[in-house]
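Work through the following exercises with the sequence and the coordinates open beside you. Each task is followed by a solution that proceeds step by step.

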Amino acid sequence: MSRDLNTEYQDTENRLYAYDFDYIHRDYMIKALAGYFRPGNALEMGCYHGEFTRKLLQVFADVTVIEGASDLIEIARGNVEDKAQFILGRFEDVELQQRFDNIFLIHTLEHLSEPQPVLKKVREWLSPGGRLFIVVPNANAASRQIAVGMGLIDFNAAVTEGERKHGHRCTYSLDTLEHEALQAGFQVEQRGGILFKPLANFQFDAAYRAGIIDQAFFDGCYKLGMKYPDLTASVYVVCTA
């Protein structure tokens with residue numbers, strides 16, 4: 001069945017696509033990955049509203065974005081003031097001549113029906129010495145394991161109905177993410193977790209808005225996530241071809 005990428009990102013009755021927590025989370029993604037950035041240009045695969053694109057533009061002067069949803073490109077282009085180049089198309093179909101020093105798949109890999117063909121194309125798009133950064137939601141996040149214990153989720157790596165409606169096809173853990181990258185022929189230079197996650201996204205939002213938690217709490221979660229990557233909100237790998 002053909003997928004309508006312009007509907008998968010929209011909020012549903014029982015689940016938002018993006019929470020306040022997601023926007024805070026992106027700052028910690030940059031913090032975790034920045035030490036591995038290469039000088040040069042960047043390719044972002046999937047952009048949502050362009051918040052991460054904006055952060056990449058603070059680091060890289062030359063940013064290209066591939067996005068399969070035309071509605072999202074229009075929103076993202078406005079949010080970054082046309083400072084990035086946007087390409088409309090599915091990853092499986094896009095052909096690029098340009099090579100990139102940094103390629104980012106940020107909360108995108110879990111949306112792919114067939115990740116291996118896409119990852120093998122990405123290998124061709126990397127410049128010599130370039131790096132691929134993959135970040136995905138973590139199946140073993142502490143909050144998710146609590147939800148399993150509560151009977152809300154069948155098992156850690158299950159794709160819930162809400163996630164499926166938003167286009168998720170897989171829920172990765174650190175070991176399965178690394179395996180996916182290795183299967184595509186990448187070498188994994190670094191792996192880890194970002195932001196220890198004791199609460200669900202909506203619980204983080206409610207606690208933050210009520211003043212129960214603050215920035216210092218998030219900083220503490222980030223530091224704890226470095227010690228316990230298996231319990232974090234997201235896991236990542238940094239790869240070379």
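**Exercise 1. Determine how helix α2 crosses α10, and classify the angle between them.**

Solution. In this predicted model, α2 passes α10 in a right-handed crossing. The next step is the geometry of the pair: α2, which spans residues 20–33, packs with α10 at an angle of about 50°, and their axes are 11 Å apart. That angle makes α2 oblique to α10, because an angle counts as oblique when it falls outside the ranges under 35 degrees, over 145 and 65 to 115. The last step is to list the residues that meet, which are Phe21, Ile24, Tyr28, Lys31 and Ala32 on the α2 side, and Gln215, Phe218, Asp219 and Tyr222 on the α10 side.

**Exercise 2. Carry out the analysis for α2 and helix α9, and name the residues in contact.**

Solution. Begin with the axes of α2 and α9 (residues 201–209), which come within 8 Å and cross at roughly 90°. This makes α2 roughly perpendicular to α9, because the class covers angles of 65 to 115 degrees. From α2, the contact involves Asp20, Phe21, Asp22 and Ile24, while α9 contributes Asn201, Phe204, Asp205, Tyr208 and Arg209.

**Exercise 3. Establish the strand order of the open sheet, and find which helices pack on the sheet at β7.**

Solution. Taken in order, the 7 strands of this open sheet are β3-β2-β1-β4-β5-β7-β6, with mixed pairing. The edges are formed by β3 (85–88) and β6 (187–196), each of which pairs on one side only. On average, and with direction ignored, neighbouring strands of the sheet are turned by 15° against each other. Now look at one pair in detail: β5 (residues 126–137) and β7 (residues 232–240) run antiparallel and are joined by 6 bridges, and Val135 has Tyr236 in β7 as its bridge partner. Helix α8 (residues 174–183) packs on the sheet, where it touches β5, β6 and β7, and its direction makes about 25° with that of β7. Helix α10 (residues 215–227) also packs on the sheet and touches β6 and β7, with a direction that makes about 145° with that of β6.

**Exercise 4. Decide whether Asn138 is buried or exposed, and describe the surroundings of Asn138.**

Solution. First locate Asn138, which lies in the loop between β5 and α6 (142–149). Asn138 is buried, because its relative accessible area is 3%, and the cut-off for buried is under 20%. The side chain of Asn138 reaches the backbone oxygen of Thr232 at 2.9 Å. Leaving aside neighbours within four places in sequence, the contacts of Asn138 include Arg144, Tyr172, Ser173, Pro229 and Asp230.

**Exercise 5. Find which backbone atom lies 2.8 Å from a polar side-chain atom of Asn41, and state whether Asn41 is buried or exposed.**

Solution. Asn41 is placed in the loop between α2 and β1 (42–45). With a relative accessibility of 9%, Asn41 counts as buried. The atom in question is the backbone nitrogen of Asp101. Once residues up to four places away in sequence are set aside, Asn41 touches Phe60, Asp62, Gln98, Arg99, Phe100, Asp101 and Asn102.

**Exercise 6. List the buried residues of helix α5, and identify the elements they pack against.**

Solution. In α5 (residues 115–125), the buried residues are Pro115, Gln116, Val118, Leu119, Lys121, Val122 and Trp125. The buried residues of α5 pack against the strands β1, β2 (63–67), β4 (100–106) and β5, and against helix α8.

Terms used: Residues are numbered from 1 along each chain as its sequence is written. This is a predicted model: local features need pLDDT of at least 70, side-chain atom pairs count only at pLDDT 80 or more; totals for chains, interfaces and linings use all residues. Side-chain values use heavy atoms; hydrogens and water are left out. Two strands pair if DSSP finds at least two bridges between them. Helices (H or I, at least four residues) and strands (E, at least two) are DSSP runs, numbered from the N terminus. Axes are lines fitted to C-alpha atoms, for helices over the stretch in contact, and angles run from 0 to 180 degrees between N-to-C directions. Contact means heavy atoms within 4.5 Å. Buried means under 20% relative accessible area, exposed over 50%, partly exposed in between (1.4 Å probe, protein chains only). A polar contact is a pair of N or O atoms within 3.5 Å; within protein, one must be able to donate a hydrogen and the other to accept it, and residues adjacent in sequence count only if both atoms are side-chain atoms. A crossing is left-handed if the near helix is turned anticlockwise from the far one by less than a right angle, and right-handed if clockwise.
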